[in-house]
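Here are my notes for you, as numbered points. Keep the structure open and look up each residue as it comes along.

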2 protein chains.
Amino acid sequence: MPIEGKTRREVLTEFRHAEILAAARKVFSEKGFRDATLEEIAAAAGIAKGTLYLYFENKEEIFWAAVRERLLELHARLKEVVARPGTARERLREILRVRFEMMRRDEQFKRVYFAEFGQLCGYGGPHAEEFRQLQVEAARLVAPVISQGIKDGELRPVPPLEAAMALTDLVRGTAALSFLGLHENHVDLEQFIFDLFWQGVRKGDSKGVRKGDSK
Amino acid sequence: MPIEGKTRREVLTEFRHAEILAAARKVFSEKGFRDATLEEIAAAAGIAKGTLYLYFENKEEIFWAAVRERLLELHARLKEVVARPGTARERLREILRVRFEMMRRDEQFKRVYFAEFGQLCGYGGPHAEEFRQLQVEAARLVAPVISQGIKDGELRPVPPLEAAMALTDLVRGTAALSFLGLHENHVDLEQFIFDLFWQGVRKGDSKGVRKGDSK
DNA sequence: CAGAAAAATGACCGAACAGTCATAAATTTA
DNA sequence: TAAATTTATGACTGTTCGGTCATTTTTCTG
């Protein structure tokens, strides 16, 4: 007898899914994809190894399900923010806010995103291509904000896609700071990154930019 | 009978070392650390697996020897460039040039540096700490250039270490562009990155920066 | 060139671990 | 509550691969 369109079974199954992904995020965060074992993940989820295979195809799929969830959420939020009206400055600020929010959201998973990013981008693998597409997509969502800003005379004529990627790189880089043990700081990284980027792309008052200054 | 301080044996040994590291760079670049096998590396070097162990302790050491070589070279070049006199702008431009040069130097190994960076920073492991120290060191070499620039009134008061890291992040990010297949471009990435960073840190003419502009 | 020393080899070993499956427990149904 | 069905288990399997070492090949020495 379904309640709200879901049977008892379905609800339990969904919950298990979520439990497993949560456990997976925890273990993957600590060990990385390669060194995390299914035994550990199962233990963290409070189930036996075999049970994992009732819910997921294999290790790769578990990992990917955990990652995809977060990436799609990021996209959704970016889409929303990008669609809002405002100056390029305001919208870029919001984009940055969203990205930092996602990073902070589970500090846990930040490490995975950061540490596996290079592997996923750089080498082949079952889901590498999908992952790369999601990255490109994110950049393509942001690029129009920059294009528009240029058109409106608010920004310098920077290449939009490259600039969007640069912003992403800067955000990812802040993760490196903590892993490198350079995060003692009083410095507000989010604000600093925005400052740096904004000054980098904004159109200075024409008086302020002498010819040849950027060569 | 030594010639120029080296016996025939020593020369041959050195050469073998170099051969192995070259082969290792090739294989690690294609497969990544985990998926590269010693059998492959040996084959690429034209020797048998066991022979590797006459020259290196284990897989980790082979990898690390290949990486360390490049990192120390980067440091040496940075030290040299940083020591030269000049405006902050000139010196930053040189620093960027050196970093791009190193990236281009073996396109091959770029992938490894890019793809393993996250793993080395994010997770533990035999050489992770040394790797992190080398990264920090590189940032500490660059930071004084920025500090000096601020002191001289050439740059805005940005946090030097964070800014130095940001520059590094941007350079690393350009590698991502090619792996993501976004490198079609006519855009000169080195020039773009410098532009972006320079505009980001330079002190605009005081007229050009209105109060509150960077908040 | 003979014998000693060094370098090279690759078959082999053992550990790690993803994935399987016969069996057991839990849950549903009648 | 008994049979049927779904869910869970964890011992087991097969494979991969880093590392070893007894044996062979090459190089050196006198």
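1. Let's start where the two protein chains meet. In this predicted model, 63 residues from chain A and 63 residues from chain B make up the contact; contact here means heavy atoms within 4.5 Å. About 5100 Å² is buried between chain A and chain B, with carbon and sulfur atoms giving 59% of that. Buried area is the accessible area (1.4 Å probe) that two parts lose on being put together, summed over both. On the chain A side, the residues that lose the most area to chain B are Tyr123(A), Glu162(A) and Leu180(A), together 14% of what that side buries.

2. A quick word on the ground rules. Residues are numbered from 1 along each chain as its sequence is written, while chains are lettered from A and ligands numbered from 1 in the order in which they are written. As the model is predicted, local features need pLDDT of at least 70 and side-chain atom pairs count only at pLDDT 80 or more, though totals for chains, interfaces and linings use all residues; side-chain values use heavy atoms, with hydrogens and water left out.

3. How are the two copies related? A turn of 180 degrees and a shift of 0.0 Å along the axis lay chain A on chain B with an RMSD of 0.1 Å. That is the relation of a two-fold axis. Gly200(A) has the C-alpha nearest the axis in chain A, 2.0 Å from it. The superposition is by least squares on the C-alpha atoms of residues with pLDDT of at least 70 in both copies. The copies meet through the same surface, because 100% of the interface residues of chain A are also interface residues in chain B.

4. Now look inside one chain. Chain A splits into domain 1 (1-56) and domain 2 (63-201), with bounds from an automatic or database domain assignment. Their centres, taken over C-alpha atoms, are 28 Å apart. Eight residues of domain 1 of chain A touch 11 residues of domain 2 of chain A, and the two domains bury about 900 Å² between them, 62% of it on carbon and sulfur atoms.

5. On to the DNA. Which residues are closest to DNA strand D? Of the 17 that surround this strand, they are Arg16(A), Thr51(A), Tyr55(A), Arg8(B) and Lys49(B); a residue is near if one of its heavy atoms lies within 4 Å of the strand. Sugar and phosphate account for 66% of the atoms of DNA strand D that come within 4 Å of the protein. A polar side-chain atom of Arg16(A) sits 2.4 Å from a phosphate oxygen of this strand, and for Thr51(A) the distance is 2.6 Å. Leu38(B) uses a backbone N or O atom instead, 3.1 Å from a phosphate oxygen of DNA strand D.

6. Finally, DNA strand C. Among the 17 residues around this strand, Arg8(A), Lys49(A), Arg16(B), Thr51(B) and Tyr55(B) come nearest, and sugar and phosphate make up 68% of the strand's atoms that come within 4 Å of the protein. An N or O atom in the side chain of Arg16(B) is 2.5 Å from a phosphate oxygen of DNA strand C. From the backbone, an N or O atom of Lys59(A) lies 3.0 Å from a phosphate oxygen of DNA strand C.

Key: Polar contact = N/O pair within 3.5 Å; in protein donor to acceptor, adjacent residues only side chain to side chain.
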